[in-house]
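Me: Please take a close look at one part of this protein and explain what surrounds it. Then relate it to the rest of the model, in plain terms.

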Amino acid sequence: AQNALRAIGEAFLGPKWDGLDETESRIHGIVLSGYAATGHAPETADVAAAAGLTRDEADGVLRRLAERDLLVLDAAGRISGAYPFTDSPTEHHVAAGGLSAGAMCAIDALGIGAMLERDVAVRSACRHCRRPLAIRTRRHGRELDQVEPIGIVVWSGHRDAAGCAASSLCTLQAFFCEDVHLETWRANSPAAGQEGVRLSLAEALEIGVAIFAPMRMEWPSWIPTT
């Protein structure tokens, strides 16, 4: 788990945050709050209004955040993701109260609960056989509660992020319904040839909490807390 966290940290944390100014930090928080409130990215005009900026000023800040890989923009410059959330097609979905959102990867899906300080229900699928997987947490997203099937494990691949973790590192953070399917996938998938670490589900949750709990945000008041 420590090796996996170190590899993820080198790709996702560290320099991405160095020198982040007050406006960039505020815009990043507004984008994450938009995801937390609706499950989808806020429109650029709404981000600008919330930050007290013009549309052009907000566009500039969003581009700088994308260059830092703190969020992802689509070809038209619209927000399509902000770790741990994504609007792009994903196998990982997280529900909490009235919120339903896509997660960038398995680790991100497990970290959303601690970020929002709420228990969540994660729906995903085994990367090998596509069997549906269900994970529920307790203690505000910091412990496992119900897991189906019980043998779920996580592969944390260490593929070079190449400037965008969403399109590289995140593609190799995946759930498997059992160890046999993880090993079969690794033996037959070219993408699995990269270095990585096999994690128990509890270890993967610890990593998600370690990454995203420090990004804790206020829970939108209109969303049920149960």
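Reply: A residue is called buried when its relative accessible area is under 20%, exposed when it is over 50%, and partly exposed in between (1.4 Å probe, protein chains only). The model is predicted, so local features need pLDDT of at least 70 and side-chain atom pairs count only at pLDDT 80 or more, while totals for chains, interfaces and linings use all residues. Residues are numbered from 1 along each chain as its sequence is written, and side-chain values use heavy atoms, leaving out hydrogens and water.

The part chosen here is helix 4, which covers residues 55-67. Helices (H or I, at least four residues) and strands (E, at least two) are DSSP runs, numbered from the N terminus. Helix 4 has 13 residues, and 18 Å separates its first C-alpha from its last. That is close to the 18 Å expected at 1.5 Å a residue (the expected span is 1.5 Å times one less than the number of residues).

The buried residues in helix 4 are Ala 58, Asp 59, Gly 60, Val 61, Leu 62 and Leu 65. What covers them includes two helices, helix 2 (22-38) and helix 3 (44-51), and two strands, strand 1 (72-73) and strand 2 (79-82). After helix 4 comes Asp 69, with a positive phi near 65°.

The neighbour helix 3 can be described in detail. Its axis comes within 9 Å of that of helix 4, and the two cross at roughly 100° (axes are lines fitted to C-alpha atoms, for helices over the stretch in contact, and angles run from 0 to 180 degrees between N-to-C directions). On the helix 3 side, Thr 44, Ala 45 and Ala 48 take part, and they meet Arg 55, Ala 58, Asp 59 and Leu 62 of helix 4 (contact means heavy atoms within 4.5 Å). Ala 58, Asp 59 and Leu 62, among the buried residues of helix 4, are thus also listed where helix 3 meets this helix.

Now the wider setting. The protein has 7 helices and 11 strands, and 50% of its 226 residues count as buried. Of the contacts between residues at least 6 apart in sequence, 61% join residues at least 24 apart.

Another region is an open sheet of 3 strands in the order 10-9-11, paired antiparallel (two strands pair if DSSP finds at least two bridges between them). Strand 10 (173-176) and strand 11 (196-200) each have a single partner strand, so one side of each is left without a neighbour in the sheet. Neighbouring strands are turned by 25° against each other on average, direction ignored.

Strand 9 (residues 153-157) and strand 10 pair over 4 bridges. Trp 155 stands opposite Ala 174, and Val 153 has Phe 176 as its bridge partner. Strand 10 is covered on both faces, with Gln 173 and Phe 175 buried on one side and Ala 174 and Phe 176 buried on the other.

Two helices lie against this sheet. Helix 6 (residues 179-188) touches strand 9, strand 10 and strand 11, and its direction makes about 30° with that of strand 9. Helix 7 (residues 201-212) lies across strand 9, strand 10 and strand 11, at about 105° to strand 11.

For contrast with the buried residues, consider His 140, in the loop between strand 7 (132-138) and strand 8 (143-148). His 140 is partly exposed, with a relative accessible area of 45%. Its C-alpha atom is 4.7 Å from that of Glu 117, 23 residues apart along the chain.
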